[in-house]
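Reader: Please take a close look at the nonpolar core of this model and at the residues around it. I would also like to hear about the nonpolar surface.

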Amino acid sequence: MLDKIKNLIDVKSIITIALTIVFCILTIKNIVSQEFLTIYTTIIAFYFGTQYQKNVETKNQENNEK
């Protein structure tokens, strides 16, 4: 459990969490601009894409070690 919390405390995760909070606030206030939405989706796609790639590489390494 502590390992997962430690992994959340890096720059990439902090920026993603902060942008998600801002996105939620702007959505509630109904003032989300197209520019912000484009930037937000790009950053979220990058974050989850790198997480997915990291998981794939880890599984490939585990399979190669067996």
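Author: The core is described here, followed by a neighbouring topic, the surface patch.

This is a predicted model, in which local features need pLDDT of at least 70 and side-chain atom pairs count only at pLDDT 80 or more, while totals for chains, interfaces and linings use all residues. Residues are numbered from 1 along each chain as its sequence is written, and side-chain values use heavy atoms, with hydrogens and water left out.

The largest nonpolar core consists of five residues, Leu19, Leu26, Phe36, Tyr40 and Ile44. Such a core is a set of buried Ala, Val, Leu, Ile, Met, Phe, Trp, Tyr and Cys residues joined through side-chain atoms within 4.5 Å. Helix H2 (11-29) and helix H3 (34-65) each supply at least two of its residues, and H3 gives the most, with three. Helices are DSSP runs of H or I with at least four residues, numbered from the N terminus.

Leu26 touches Ile31, Val32 and Phe36, leaving aside residues up to four places away in sequence; contact means heavy atoms within 4.5 Å. Thr16, also in helix H2, touches Ile43, Ile44 and Tyr47 under the same sequence limit. Thr16 counts as buried because its relative accessible area is 6%, the cut-off being under 20%, with exposed over 50% and partly exposed in between (1.4 Å probe, protein chains only).

On the surface, Met1, Leu2, Ile5, Ile9 and Ile14 make a nonpolar patch of about 600 Å². Patch residues have over 30% relative accessible area and no salt bridge, and nonpolar side chains are joined within 5 Å, like charges within 9 Å. A salt bridge is a side-chain nitrogen of Lys or Arg within 4 Å of a carboxyl oxygen of Asp or Glu. Areas come from the Shrake-Rupley method with a 1.4 Å probe. Met1 lies before helix H1 (2-8) and is exposed, with a relative accessible area of 78%.
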